[in-house]
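Subject: Structure for you to look at

Dear colleague,

I am handing over the structure we spoke about, with the sequence alongside. Please have a look at it first, and then read my notes below.

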Amino acid sequence: MKSNWQKGVLYVAVIGIEGCWLYALMALLNNKVADGSLHVFGILLLYLISFGLNRMLLRLRWPAVCLRTISWLIWVAGLLLIVKIQLFGGLAWSDTTWLLAVPRAIADVIYTFKPELLILISTAAIWWLGRRLAYLKISFAALVSEFQLGLFIMVITFFIASQIEVELAHSIYLIVAFFFFSLLGVSVSHALEGTSWLSGLYQGHWSGLLLVSISLILIVGFIISLVVTPDFLQIILVALKWVWGLIMKVFAFFASLLPEPEPAEPPPPIPMPEAVPPEEFKPWTMPEFLRNGLRLGWSILMAGLFLFALWRLSSTIFGWLRRRLAGTGGADYEKLPGAFRADFLSFLKRLLHNLLGLRRLFRPKAADKPLLPEIASIRQIYRQFLHWAADAGFPRQLSQTPHEYLYELASLLPEAQEDLGMITQQYVRTRYSVWLPTEDELHQLKQSWYNVKRCPLGDRR
Amino acid sequence: MEERFSPQPAGYLLGRFGLLIVLAGLLLAAWYGQVILVIVLGLVLSAAGISKLWSRYSLVGVSCERWLSERRIFPGQYIELRLRLVNRKLLPLPWIQLDDEIPTGFAPELSLTPGSRPGFSFLSKAAALLWYTGVSWKQRLYGNKRGYYTLGPMTLTSGDIFGFYPRSITQPLIDHVIIYPRIFPIAQMGIPPLYPIGETTAELRIFEDPVRVIGVRDYSPRDSRRRIHWKASARHQNLQVKVFEPTTSLNVVIFLVIDSFTASHGEVYNEDDFELGISAAASVADYLLERRNPVGLFANSRLADSGQPANILPGSSTGQLVEILEALAKITHTASGPFEEFLQTEQIGMPWGTTFILILSKASPSLINLLVGMKERGQRLMVLQIGEPTDGGIEHTIAWHNIRQPGDFSKISGETR
C-alpha cells in the first residue's frame, strides 16, 4: 500500500514533467500550424488515456504483439475522434468527410501542412509516450534524464517562440509546474532507491522540508531572473570597464616612470569667471540604493516567514498522514538533548574569544619567551613526527594523549616501538616538566626519528 | 586521515561544464531580454546552487563510531557490533549511507556488496537524520574461521534532498578482531621430563629460590611487585625485577613448522591440515598451561599484524595462553624463512633440557636430518605430524604422533622417547 502510494507519486511526477514540455511544444506548433485553433489540453488528454489503457492492457499478460496491436488500434480511434471534435465539430457524425481528412492531409503534405497532420503526428507521439510510461520502471536515473530532456525541449521551444515572436500562454505557470514535478519526482525516486527520509521516522518533517526546498529553489530562481536584467548586465559591464581602465592607468603610470622625450609646454588656460552656486534648501531623502536594499531585506524576511509557515503546516499534515506507516528498519533513532545548547554556547564563547582577541591586537604584544634550543629541537621533531603520521593516514586525535597516540602507532609498527617510545618520552618530558635533554639524548632522538621515518606506516592502513 | 571525495553529480547538466553552459545561456538571454529563458535557466542555477550548498555542508558535524562487544572470540561465537551515526548540526540529512568494510563471511545472513579489497564486503546502513539526532544499528558478526581481522574503514555518503550532488568521506576507523584457533581436548600427554629421574607429580613444576638472585631484568606488567629490585631500579632510572635461580623447571617450546604445510611457491597443500596444525599448537599449549607448565611458541610465519615470526618465550603466567592464542590467530601461510635456520637461531637462547614439540605436515629430508641431530645431542623432542603420515624412518626413534583429525588429539598418550 505504502509502496503503491510512492510509485503513484513518481508516475504523477513523470506525467507532470512530460505534460509540461508537451504542452509548450504543442502550443507553439498550434500557433504556427493551426493559428491556435486546436485545443491543446484536449489533445494532451490522450496522454493520460494512453497511459491508463496501456497499464490495464499490461495486466492482461497477453503476447506483446497483441498488446501492441490493440494499443495502436485504440490510438487510431482516438486520433479520428480528436480530428472530428477539434476540426469538424459542426459536421454530422454520418458525414464521412472527417474520416478522410487525415489521408487527404497526408496526400497534400507537399503543398501545405494541415492541422490534421499536426494532430496525427502529435497524437502518435503522445500515445507512444503514454505507452512508454506504462512500461517504464521509474528510477532516479530515469527521472533525472526526464528532467534534463524536458528542460532541453522547453528551452528550445521558448527560444524558437521568441525568435518567431509567438506569445505562449501560461509560460510562467508551465515553468513552475515543470520544476515542481521534476524536483519532487527526482527527490522521491532518490529516496526510494535506498533507506532515506521516505522510509524512516519523521516523514512528516521530511515531506515538509522537501516542499520548502522546492519553494526556496523557485523563489531563488525568480530572484535571479529579477536581478539578471539587461540593466544589471550593463552595470557589470561598466564596472568591468572601470576595472580595465584602472588597470590601464596603472600600466600608464609605470610606463610614465620610463624616460621619454620632454613634451611641449601646453598653452596657459583661458581665465573664466567664477560661477557662484545658488543657495537652496535640500531636504534629506533616503538614497535609492538604501531603499532598494531595505526592500530586498523586507522581501527576504517575508519569504523566510512564509517558508517557515509552509514547512510547519505541511510537516504537521504529512506527520499526521504518515504516523502509522513509519518503519525504522532496525535502526534506533535518538535525540541529542543539550547538544544544540552546548554548540550554541560554544559558538558564543568562540565569538567572545575572537572579540577579545581583536582587542588584544591593539595592545602592545608581550615579548615571546624564546625556547631553549634543545627543547625547541625536540618539539620540532615531534611536530615533524605528527605530520608524518598524519600524512600516512593516522593523525593524532584531539582527545588523545601522547602516550595513547604512541600505543596506537606502536600497535601498527611493532618493529619501531622503541623509537616511537623514545620520541614520545622525550617530547612529554620537555613539554610537561623542566627537564633538559643531554647532547647524547638529543642525538639518540634524532636517530630514532630517522629510523621511524623509514617505516612504511602508510602501508598499514 | 579523513578522505573526502565527491562522486559525479546526477546528470550531465548539473556537472561543472553543464552549469557553465547554463550560466552563459542565462547571461545571453538576459542581454537580449528573453525573460522566459532567463527564468528557466535561473531556476536551473538555483536548483543546482541550493543542492550543491546542501551537499557541501551535509557531512559537516557528522560523526560515526563502531562499538564491538568483544575483540577476541573463539570460532562459532559472535560479536555484537553497534554502529552509531550522529548529525550534530542544524542542517538535516535526508539520506546518509554508512559503509563499513568487514571481512566477508562475518555476516552470513546478509547479502553484502563486495568491498574495495579482496576478502572484504561492505556492511551498508542508511538513514535520514534530522538536526541534532543520532541513529544506531546493531549487527551480529559471526567468527567462524581463525584469524586476525580488520574492520573498517568507514565511508559515509550523503548529500542534498534531491540526490543531485552526493558527497562521501572515508574515515580511517579501524578495529581488529581476533578469532582464536579451536582448542581440542587432550586426554593425556606424555611430555619428556627434564631430569631422567622422572617427572614430579606435583601440579606446579617451577620453583624459584627467592634467596638465589641471579640477576635483574626490566620490569614487565606481569611481574609481581614483590620482585622489584628497588636499588637497581633507582640506579637504572627504570623499574627492574629480580631474576631467581630456578630449582626445578620444565620448559616446553612449541615449534610450528610453517613451510612444511606449504609448497615452494607458498601455497598451502591442505587448508584444513594447516588449521588443524594451528589448533594442535593451541591445544597442546592449553593442556600444558592448565597444568602450570611453562610453554613458549615459535613459528616461522609472518604474523598478520607485524609481519615478523612468532617468538614467545616459555612462561606459565595467566596471560601466557592468551598471548600464545593471539599469536596463533595471527599466523599466516607465508613463511618468514626456512624452518631449519629459524630453529637454529631460536634454540640458542633455550635453557638446557627444554622440550621441543614440533608441529609439522610434510617433513623434508633436511628437517629429518635436523631432528636426528637434535635427538643425537640429547634434546627432548616430540613431533606432531598433521595429515597423512610419511615414512621418514625416524618415527620409531622420536616421539612421533600422527594427527589426521581433531579426534586424534585424545589419542596422544604414552611416554616420549
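I begin with a strand pair in chain B, where strand β4 (residues 78–87) and β8(B) run antiparallel and are joined by 10 bridges. Please bear in mind throughout that this is a predicted model. Within this pair, Tyr78(B) has Tyr142(B) of β8(B) as its bridge partner, while Asn87(B) is partnered in β8(B) by Thr133(B).

The strand β8(B), which covers residues 133–142 of chain B, also pairs with a strand of the other chain: 5 bridges join it to β1(A), and the two run antiparallel. Two of the residue pairs can be named here, since Asp332(A) has Ser136(B) as its bridge partner in β8(B), and Tyr333(A) stands opposite Val135(B) in that strand. Taken together, these pairings belong to an open sheet of 4 strands with antiparallel pairing, in the order β1(A)-β8(B)-β4(B)-β2(B). Its edge strands, each of which pairs on one side only, are β1 of chain A and β2 (62–68) of chain B. On average, and with direction ignored, neighbouring strands of this sheet are turned by 20° against each other.

The sheet leads on to the contact between the chains as a whole, in which 58 residues of chain A meet 45 residues of chain B. On the side of chain A that touches chain B, the elements that give two or more residues are α6 (140–163), α7 (171–192), α8 (203–227), α9 (230–257), β1 (331–335) and α11 (339–361) of chain A. Of these, α8(A) gives the most, with 13 residues. Sorted by class, this side of chain A has 36 nonpolar, 16 polar and 6 charged residues.

Chain A itself has 15 helices and 1 strand. Of its 461 residues, 25% count as buried, and among the contacts in chain A with a separation of 6 or more, 76% are accounted for by residues 24 or more positions apart.

One helix pair of chain A may be worth your time: helix α2 (residues 40–59) and helix α3 (residues 64–87) of chain A pack with their axes 11 Å apart, at an angle of about 160°. Angles over 145 degrees count as roughly antiparallel, and α2(A) and α3(A) are therefore roughly antiparallel to each other. Their crossing is right-handed. On the α2(A) side the contact is made by Gly42(A), Ile43(A), Leu46(A), Ile49(A), Leu53(A), Asn54(A) and Leu57(A), and on the α3(A) side by Leu67(A), Ile70(A), Ser71(A), Ile74(A), Gly78(A), Ile82(A) and Gln86(A). By class, the residues of this contact divide into 9 nonpolar, 5 polar and no charged.

Finally, I return to chain B, where strand β15 (residues 252–256) is mostly covered, with 5 of its 5 residues buried. In a regular strand the side chains alternate between the two faces of the sheet. In β15(B), Val252(B), Ile254(B) and Leu256(B) point one way and Val253(B) and Phe255(B) the other way, and all are buried. This strand pairs in the parallel sense with strand β16 (residues 295–299) of chain B over 5 bridges, and Leu256(B) stands opposite Ala299(B) in β16(B).

With best regards

Methods: Residues are numbered from 1 along each chain as its sequence is written. Chains are lettered from A and ligands numbered from 1 in the order in which they are written. This is a predicted model: local features need pLDDT of at least 70, side-chain atom pairs count only at pLDDT 80 or more; totals for chains, interfaces and linings use all residues. Two residues are in contact if their C-beta atoms, placed from the backbone, lie within 7 Å. Ala, Val, Leu, Ile, Met, Phe, Trp, Tyr, Cys and Pro count as nonpolar, Asp, Glu, Lys and Arg as charged, and the others, Gly among them, as polar. Two strands pair if DSSP finds at least two bridges between them. Axes are lines fitted to C-alpha atoms, for helices over the stretch in contact, and angles run from 0 to 180 degrees between N-to-C directions. Angles under 35 degrees count as roughly parallel, over 145 as roughly antiparallel, 65 to 115 as roughly perpendicular and the rest as oblique. A crossing is left-handed if the near helix is turned anticlockwise from the far one by less than a right angle, and right-handed if clockwise. A residue is buried if 20 or more other C-beta atoms lie within 10 Å of its own, exposed if 12 or fewer, and partly exposed in between; C-beta atoms are placed from the backbone.
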